[in-house]
Amino acid sequence: MTAITAPSAPRVAIIGGGLAGLAAAAALVEAGWSVSIYEARRRVGGRAASFEDPVTGGLVDACQHVAMGCCTNFLDLCRQTGVADALRCDRTLFFIAPDGSRAACTPSRLLPAPLHLAPLLLRMKHFTLTERIRLGLGMLRLARYRVGATGGPGTAAAWLAAIGQPPRVIEYFWRPVLESALGESIDLVSVEAARKVAVDGFLAHPQAADVFVPLEPLGTLFGERIAGWLEQRGVAVHTGVIVTGLDRGTDGRGQAVRCGDVEHSFDAVIVAVPWRQAGRLVPDLVPTADESLTGSPITAVHLWFDRPVIDLPHAVFLGFTSQWVFRGDESQNADPGYCQVVISASRGLLDGDRQRLLETVVEEIRHTFPAARAARLTESRIVTDPTAVLSVRPGVDAVRPRATTAAGNIFLAGDWTATGWPSTMEGAVRSGRLAAEAVGTALGRPVTGMVADLPKGWIVKAIVGK
Ligand SMILES: Cc1cc2nc3c(=O)[nH]c(=O)nc-3n(C[C@H](O)[C@H](O)[C@H](O)COP(=O)(O)OP(=O)(O)OC[C@H]3O[C@@H](n4cnc5c(N)ncnc54)[C@H](O)[C@@H]3O)c2cc1C
């Protein structure tokens, strides 16, 4: 594949090769722009990264990442860059109740939204019929929530309690589902963020809640395959290069990216790094965000047993310390005895006692999966990212900046910017595509990046509005 960039094409520098930077680069290079990515780490992919497996020597994801059917821009980026074959679509969510009983819940493909959720609710045998009806009504009420409807912003947990959701429904449905989707405790997230999950992730469309699981390590998928796709089209992907500053003119416009003593000039720059790093590079353009945004931690407990122990592809734990377990996928060349437990909003987890955390998680796996009882744990690793995602608390949307800035040719991207989405792969890809479109508008050469959301049927529109 040869470069499609015209010799006179405007030059765009992208600082940060996470999904936001990669999505921006893909949109711009396809529109014929000259694009350079500057990424501090050895591989692109950012937080969606892998490390070397101590058992097999292959790559293991630092933390399991999944997307949902509603993540239309992330899925479109995977199609655009030819890696969609490496995503498996699972329609069934497995819930494990505190007594170890299992519920396999699959939304209907045939019933129109939101009735497609009826089979899912019916299969939640760990709830009484009354609890299931109240859960369904609570979801509809959340979907109809309007900002200010309850007299001011509040947290999701407080709002759910205030509308009378039963404590068991809050603990065994809302908490695990919302915390996995938002990466933050329901005691802290806003009602708006919870509503986004309920509407876009469940109610809107029969495929909205599909779970897409990568079949290749993220380091291969993004760090090699998408990087390779971009390079084949002429994008200069510089890895292991830390951008130390931006040279600006007296009018504030960006002129060059500085990497130590080396400078690279550009016509436009997209700053696609997390908010703290953005605050250091362009402090005048993200002042409020830099001070007022907070991260939420996610912990992954990696376990290697001497034999296969998990008989489900993945499962959501209800009322355990563990929140979501994933079996190593054979197609990833994972060790057959490998599994990973993910715990969102893990600040202060078991008072930070890592040995206790390991023992607790292993005990829960043994309690739930009989094959694990006789298995020997041969290796383990606990990985916590303290600022894994932006904490989507009440009021956060007021300080998330848009892609365009006062500096004219400097643009912002990243899962923390104003996309209307929580801090996820979808949010990151949207931000990159929005930034690419903004660059195109500013320089008078339109770029198309964004694709549409899943269409809402008329019943959903009648419930939630357009
Ligand atoms: C543990 C964990 C679990 C997660 N689980 C999920 C999940 O299941 N589903 C989901 O959708 N999302 C998940 N996420 C969130 C998802 O990973 C992020 O939302 C997304 O990857 C963010 O992409 P980004 O491009 O905005 O930022 P980043 O991925 O942070 O990319 C920014 C890049 O900028 C680089 N950089 C920073 N400073 C400089 C500099 N000065 N010079 C050059 N380069 C620089 C960094 O090295 C990095 O590569 C998870 C995140 C974590 C950490």
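Start by selecting the ligand and the 34 residues around it, where near means a heavy atom within 4 Å; of these 34, Glu 39, Arg 47, His 65, Asp 415 and Met 425 come nearest. You are looking at a predicted model, in which local features need pLDDT of at least 70, side-chain atom pairs count only at pLDDT 80 or more, and totals for chains, interfaces and linings use all residues. Residues are numbered from 1 along each chain as its sequence is written, and side-chain values use heavy atoms, with hydrogens and water left out.

Next, show the polar contacts (pairs of N or O atoms within 3.5 Å). A polar side-chain atom of Glu 39 sits 2.7 Å from a ligand oxygen, and a backbone N or O atom of Leu 19 lies 3.1 Å from an oxygen atom of the ligand. At Ala 40, a polar backbone atom is 3.1 Å from a ligand nitrogen. The protein covers 92% of the 1000 Å² of accessible area (Shrake-Rupley method, 1.4 Å probe) that the ligand has on its own.

Now colour the helices (DSSP H or I, at least four residues) and strands (E, at least two). The elements α1 (19–30), β2 (34–39), β19 (377–390) and α12 each supply at least two shell residues, and β19 gives the most, with three.

Finish on α12, residues 425–442. With 18 residues at 1.5 Å each, counting one less than their number, α12 should span 26 Å, and its end C-alpha atoms are indeed 26 Å apart. Of its residues, 14 are buried (under 20% relative accessible area, 1.4 Å probe, protein chains only), so the rest of the structure largely encloses α12. Just after α12, look for Gly 444, with a positive phi of about 70°.

Terms used. Buried < 20%, exposed > 50% of the residue type's maximum accessible area, 1.4 Å probe, protein only. Polar contact = N/O pair within 3.5 Å; in protein donor to acceptor, adjacent residues only side chain to side chain.
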